[in-house]
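Trainee: Could you take me through the cysteines of this one, bond by bond? I'd like a close look at how they pair up and where the partners sit.

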Amino acid sequence: LAVTVLLFSVAIFDGHGFADAATEVRRGLYLTLGDPGWSCTDACYKDGLVCSYESLAAATDYYSEKVIKPTMRKVGGTCEHVVGERIGTSMPVMDNRGWCYGKTPGPTNFNCDLISGMEGPGRRLC
């Protein structure tokens with residue numbers, strides 16, 4: 001348990017203070033919605049956070065409509081349509097139409113530096 005708390009601390013604290021714009025979705029796990037074409041590294045930096053493999057891996061349940069739609073709303077996004085539980089993507093993302101794509105369930109590529117790769121471009125949930 002102490003190791004998990006330490007890993008979460010790396011993801012949410014950058015030495016200058018805790019994030020103001022990010023949303024705490026469960027104790028110690030903050031999420032933010034990146035701007036179009038941004039990586040999670042960029043999105044987290046904007047909110048005073050530091051993205052890490054461990055923080056992205058901790059957010060493993062963002063693949064179904066019942067989870068991703070209210071989560072996107074909490075971080076300032078609006079899902080007009082959810083494409084989840086079907087094919088998903090390697091990370092939760094919202095495209096320029098407001099379509100939200102949940103991540104593929106299970107372990108995937110938890111890379112902070114990836115951008116969404118969608119046309120529009122997309123906005124990553126980080």
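**The cysteine pairs**

Mentor: Counting the bonded cysteines along the chain, the disulfides of the protein chain go 1-6, 2-5, 3-4. Keep in mind that this is a predicted model. One cysteine stays out of that pattern: Cys 44 is in no disulfide, and the nearest cysteine sulfur, belonging to Cys 51, is 4.5 Å away. The cut-off for a disulfide is a pair of sulfurs within 2.5 Å, so Cys 44 doesn't make it. Cys 44 is buried all the same, because its relative accessible area of 4% is under the 20% limit. With that rule, the count is 3 disulfides.

Let's start with the 1-6 pair. Here Cys 40 is joined to Cys 126, with an S to S distance of 2.0 Å. This bond links distant parts of the chain: Cys 40 belongs to helix H2 (residues 40-46), while Cys 126 is in the segment after strand S6 (123-124), and the two are 86 residues apart. Look along the S-S bond of Cys 40 and Cys 126 and you'll find a torsion of about -85°, so this disulfide is left-handed. As for exposure, Cys 40 and Cys 126 are both buried.

Next comes the 2-5 pair. Cys 51 and Cys 112 are bonded, with their sulfur atoms 2.1 Å apart. Again distant parts of the chain get linked, this time loop to loop: Cys 51 is in the loop between H2 and helix H3 (53-58), and Cys 112 is in the loop between strand S5 (99-101) and S6, 61 residues apart. The S-S torsion for Cys 51 and Cys 112 is about -80°, so you can call this disulfide left-handed too. Cys 51 is buried, and Cys 112 is as well.

That leaves the 3-4 pair. A disulfide joins Cys 79 to Cys 100, S to S 2.0 Å. Cys 79 sits in the loop between helix H4 (65-74) and strand S3 (81-83), and Cys 100 sits in strand S5, so the bond ties together parts that are 21 residues apart in sequence. About the S-S bond of Cys 79 and Cys 100 the torsion is about -95°, so this disulfide is left-handed. Both ends fall under the 20% cut-off for buried: Cys 79 because its relative accessible area is 7%, and Cys 100 because its value is 0%.

Definitions and conventions
Residues numbered from 1 in each chain as written. Predicted model: local features only at pLDDT ≥ 70, side-chain atom pairs only at ≥ 80, totals over all residues. Heavy atoms only, no water. Helix = DSSP H or I, 4+ residues; strand = E, 2+ residues; numbered from the N terminus. Buried < 20%, exposed > 50% of the residue type's maximum accessible area, 1.4 Å probe, protein only.
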